[in-house]
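Work through the exercises below with the sequence and the model at hand. Each task is followed by a solution in steps.

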Amino acid sequence: MVIRPSQRTDARSMSRVYVKTWQDTYLSVVPYAYLLAMSVAQQEKSFDDELKSGQITSFIASMLVRVLKHNPYRRFYSKINGTYLKTQHMPFAGEVMEVKIYGWLDASLTWQ
């Protein structure tokens, strides 16, 4: 595995993974219209803008993920040594949804 800072040329690939992951993972959790409206081109522009402005940060020593409570695969994060930190209620796709937050002090633990 090679870890390196993201570059603007990565925006397209990052967008394809992001959109496909959301559409596959949250099909029965997030309103269908929201998932259907997601587009690689729109996400690519967003990632490109964030990369250009330096808003996207790569985490090497620590990491947090927010996972919708009803995601049937959220236990995956515990299995890769993520620590449950807290629950939040966040506005998402026109609704308020429960989100579980997991974190790692040392991201290398995810690869063991």
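**Exercise 1. A helix pair**

In this predicted model, helix H1 (residues 11–25) packs against helix H3 (residues 40–53) at an angle of about 130°, and their axes are 8 Å apart. Classify the packing of H1 on H3, give the hand of the crossing, and describe the contact by residue class.

Solution.

Step 1. Angles over 145 degrees count as roughly antiparallel and those from 65 to 115 as roughly perpendicular, while angles under 35 are roughly parallel and the rest oblique. The angle between H1 and H3 is about 130°, which makes H1 oblique to H3.

Step 2. The crossing of H1 past H3 is right-handed.

Step 3. On the H1 side, the contact is made by Ala11, Arg12, Met14, Ser15, Arg16, Tyr18 and Val19. Their counterparts in H3 are Val40, Ala41, Gln43, Glu44, Phe47, Asp48 and Leu51. Sorted by class, the contact of H1 with H3 holds 8 nonpolar, 2 polar and 4 charged residues.

**Exercise 2. Two residues of H1**

State whether Met14 is buried, partly exposed or exposed, do likewise for Ser13, and find how far Met14 lies from Asp48 in sequence and in space.

Solution.

Step 1. The class limits are under 20% relative accessible area for buried and over 50% for exposed, with partly exposed in between.

Step 2. Met14 is part of helix H1. Its relative accessibility is 22%, so Met14 counts as partly exposed. From C-alpha to C-alpha, Met14 and Asp48 are 9.8 Å apart in space, and they are 34 residues apart in sequence.

Step 3. Ser13 also belongs to helix H1. With 39% relative accessibility, Ser13 counts as partly exposed. Ser13 and Glu44 are 31 residues apart in sequence, with 8.3 Å between their C-alpha atoms.

**Exercise 3. The sheet**

What is the order of the strands in the open sheet, and which strands stand at its edges?

Solution.

Step 1. The open sheet has 3 strands in the order S1-S3-S2, with antiparallel pairing.

Step 2. Strand S1 (63–68) and S2 are at the edges; each has a single partner strand, so one side of each lacks a neighbour in the sheet. Neighbouring strands are turned against each other by 30° on average, direction ignored.

Step 3. Strand S2 (residues 83–92) and strand S3 (residues 95–104) pair in the antiparallel sense through 9 bridges. Across this pair, His89 stands opposite Glu98 in S3, and Lys86 stands opposite Ile101 in S3.

**Exercise 4. Positive phi**

Locate Ala93 and Asn81, and give the phi of Ala93 and of Asn81.

Solution.

Step 1. S2 and S3 form a hairpin with 2 residues between them. Ala93 lies in this loop between S2 and S3. Its phi is positive, about 55°, although Ala93 is not a glycine. Ala93 counts as partly exposed, at 28% relative accessibility.

Step 2. Asn81 sits in the loop between helix H4 (75–79) and S2. Asn81 is not a glycine either, yet has a positive phi of about 70°. The relative accessible area of Asn81 is 39%, which means partly exposed.

**Exercise 5. The whole chain**

How many helices and strands does the chain have, and what share of its residues is buried?

Solution.

Step 1. The chain has 4 helices and 3 strands. From the N terminus on, these elements run α-α-α-β-α-β-β.

Step 2. Of the 112 residues in the chain, 28% are buried.

Conventions:
Residues numbered from 1 in each chain as written. Predicted model: local features only at pLDDT ≥ 70, side-chain atom pairs only at ≥ 80, totals over all residues. Heavy atoms only, no water. Pairing = 2+ DSSP bridges. Axes fitted to C-alpha atoms, helices over the stretch in contact; angles between N-to-C directions. Left-handed = near helix turned anticlockwise from the far one by under 90°. Contact = heavy atoms within 4.5 Å. Nonpolar A, V, L, I, M, F, W, Y, C, P; charged D, E, K, R; others polar. Buried < 20%, exposed > 50% of the residue type's maximum accessible area, 1.4 Å probe, protein only.
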